[in-house]
Amino acid sequence: MSKFFPDMYQKSIYDIDYKKLKHNGIKCILFDLDNTCVPFHENEGNDSLKKLFNKLTKMKFKVIIFSNSPERRLKKFSNLGVEYNSSSKKPLSHSFYKILNKYNFKKGEVCIIGDQLFTDIYGGNKVGIRTCLVEPITDVDFFLTKFSRIFEGRLFKKFEKKGMLKKGKYYD
């Protein structure tokens with residue numbers, strides 16, 4: 001069960017203390033795309049997201065959109081000015097290690113931010129990088145994600161019963 005537990009939990013990508021991440025040695029941030037950065041049905045990044053990515057780049061973070069979506073979808077977000085890793089196959093470890101090796105990052109220097117316990121958080125925890133869960137932007141999901149949300153809800157209830165994690169009670 002601990003493999004599904006995030007190191008951090010915030011309302012959105014805009015509520016994260018990036019200075020604290022920097023202070024804690026994070027050099028690379030992997031952002032899930034759908035329902036983390038943009039609603040699932042949108043096909044381009046908005047101005048707020050572009051400003052956030054610019055700010056993080058100026059803070060010397062390596063920012064990468066790290067998504068299970070195919071390349072044809074991620075190309076639509078080229079206006080954001082950051083790299084992307086498409087078809088990441090989270091929670092499998094291969095793409096995580098690909099990023100670590102390509103940029104020569106240590107596990108403690110990378111953080112994944114995403115809205116799903118079973119893909120983003122579990123994948124990051126399996127590899128040993130820092131994980132940050134955020135609330136999904138919308139309730140509209142890819143049809144397969146709808147099924148995992150059911151199991152995710154059950155897992156949240158287990159975490160809550162153990163006093164570990166409560167929906168809407170954020171921490172970093």
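## A walk around strand 3

Select residues 62–66 to bring up strand 3: four of its five residues are buried, so the rest of the structure largely encloses this strand. Bear in mind as you click around that this is a predicted model.

Next, add residues 28–31, which form strand 2. Strands 2 and 3 run parallel and pair over four bridges. To see how they line up, show L30 and find I64 of strand 3 standing opposite. Now colour residues 47–58, which make up helix 2. The chain leaves strand 2, passes through this helix and arrives at strand 3, giving a β-α-β crossover that is right-handed.

Which strand pairs with strand 3 over three bridges? That's strand 4, so numbered in the chain, at residues 83–85, and the pairing is again in the parallel sense. Pick F66 and you'll find its bridge partner, N85, in strand 4.

Time to zoom out and show the whole chain. You should be able to count six helices and six strands, and if you trace them along the sequence the pattern reads β-α-β-α-β-α-β-α-β-α-β-α. The radius of gyration is 15 Å, close to the 16 Å that the globule rule gives for 172 residues, so the chain is as compact as a globular protein of that length. Its C-alpha trace spans about 40 × 35 × 30 Å along the principal axes.

Colour by burial, and 47% of the 172 residues come up as buried. Then switch on a surface: the chain exposes about 9200 Å², with carbon and sulfur atoms supplying 53% of that.

Technical notes
Residues numbered from 1 in each chain as written. Predicted model: local features only at pLDDT ≥ 70, side-chain atom pairs only at ≥ 80, totals over all residues. Heavy atoms only, no water. Buried < 20%, exposed > 50% of the residue type's maximum accessible area, 1.4 Å probe, protein only. Helix = DSSP H or I, 4+ residues; strand = E, 2+ residues; numbered from the N terminus. Pairing = 2+ DSSP bridges. Right-handed = clockwise from strand over helix to strand, strands pointing away. Rg over C-alpha atoms; globule rule 2.2 N^0.38 Å. Areas by Shrake-Rupley, 256 points an atom, 1.4 Å probe, with all protein chains shown as cover.
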